[in-house]
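Subject: Structure for you to look at

Hello,

Here is the structure I promised to pass on. Please open it and keep it in view while you read my notes below.

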Amino acid sequence: MQLSVHLVGAVWVAVLLSFSLCQDNCQMKDGQPGEPGHPGRDGLPGQKGEKGKPGLQVDLSKEALIALKGDKGEDGPIGDIGDKGFHGLLGPPGLIGPPGNPGRSAGSGLSNVNKAAFTVVRKKNEYPRYNSPVIFNEELTNLNKDFDIAKGQFTCKVAGTYYFVFHFVSEGDLCIKLISDSKDNVNLLFCDYNQRKSSITQVLSGGAVIQLAKGNSVRLEPARITGHHRETNKMSKTEMSVFSGFLIFASG
């Protein structure tokens, strides 16, 4: 037993002696890398950092907002018309106007001599003749007898501006001339053509404002249209036709 102990001790002494002798001169082969270790645990939270510098201050006052106001944008489209508003309150009475011109004394009103108006009616059992005044049967209004119903003609007695109008019923094609021997030599043609083959009544109307001097005349005449294949004087024999005229204002 003692021999074994002494043998082991001798071995360790030899190993230690050889190790100490090779520390400077002996080279050993590098060992194999070890296996990777397991990930470590999270570290502890760090210390609180220092307080940062203050940021820029923004002035939101009214003056600052005005200073930052941008350019004016383009006008938008026009909106729809709104609902009608309520009636406003009645305003105060206005100032009294200046006095008017003195009126005429009693009994000094205008007489029929300074007026002119007529309406005559035609209902004849025949068509009117070409190039002759249309003859009427009845007068509804005829101040001062300015319209000669026998001749079918109005003669001006009060110089001024007149309005003449007619409404004729036709049984077919009808053309009427409004003629005046005034300084303008009025000669207006009005036509209405019945395109239907069957008989049907139609209305032909026309009118004009004419300036007349005393003695000028106005009349209506049927007109024959050159090249037209049908007669153009088919004024109704059963329906009434009307011719009217009146003075709008007299000349100075």
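**Isoleucine 225 and its contacts**

Setting aside residues up to four places away in sequence, isoleucine 225 touches Cys175, Leu189, Cys191, Tyr193 and Thr232. Keep in mind that this is a predicted model.

Where does isoleucine 225 lie? Look in the loop between β8 (217-222) and β9 (233-235). Take one of its partners, cysteine 191. The two residues are 34 residues apart along the chain, and their C-alpha atoms are separated by 9.4 Å. Isoleucine 225 has a relative accessible area of 24%. Buried means under 20% and exposed means over 50%, so isoleucine 225 counts as partly exposed.

**The whole chain**

Now step back. The chain has 2 helices and 10 strands. Follow the sequence and you meet the pattern α-α-β-β-β-β-β-β-β-β-β-β. The chain has 252 residues, and 25% of them count as buried. Its accessible surface comes to about 20400 Å². Carbon and sulfur atoms account for 56% of that surface.

What share of the contacts join residues at least 24 apart? Counting contacts between residues at least 6 apart in sequence, the share is 72%.

**The core**

In soluble globular proteins, nonpolar side chains tend to be buried together. In this model, the largest nonpolar core has 27 residues. Six names to find are Phe154, Tyr162, Phe164, Phe168, Leu220 and Phe243, which touch the most other members. Five strands each supply at least two residues of this core: β1 (117-122), β5 (160-180), β7 (202-212), β8 and β10. Strand β5 gives the most, with 7 residues.

Tyrosine 162 deserves a click. Leave out its neighbours within four places in sequence. Its contacts then include Ala116, Phe154, Cys156 and Ala208. Also among them are Val209, Phe246 and Ile248.

**A patch on the surface**

Those last three names come up again. Val209, Phe246, Ile248 and Phe249 form a nonpolar patch on the surface. Together they have about 380 Å² of accessible area. Which strand gives the largest share of the patch? Strand β10 (residues 241-250) does, with 3 residues.

Phenylalanine 246 sits in strand β10. Is phenylalanine 246 buried or partly exposed? Its relative accessible area is 39%. That value falls between the 20% and 50% limits, so phenylalanine 246 is partly exposed. Phenylalanine 246 is thus a patch member that is also in contact with tyrosine 162.

Best wishes

Definitions and conventions. Residues numbered from 1 in each chain as written. Predicted model: local features only at pLDDT ≥ 70, side-chain atom pairs only at ≥ 80, totals over all residues. Heavy atoms only, no water. Helix = DSSP H or I, 4+ residues; strand = E, 2+ residues; numbered from the N terminus. Buried < 20%, exposed > 50% of the residue type's maximum accessible area, 1.4 Å probe, protein only. Contact = heavy atoms within 4.5 Å. Areas by Shrake-Rupley, 256 points an atom, 1.4 Å probe, with all protein chains shown as cover. Patch = residues over 30% accessible without salt bridge, like charges linked within 9 Å, V, L, I, M, F, W, Y side chains within 5 Å. Salt bridge = Lys/Arg side-chain N within 4 Å of Asp/Glu carboxyl O. Core = buried A, V, L, I, M, F, W, Y, C linked by side-chain atoms within 4.5 Å.
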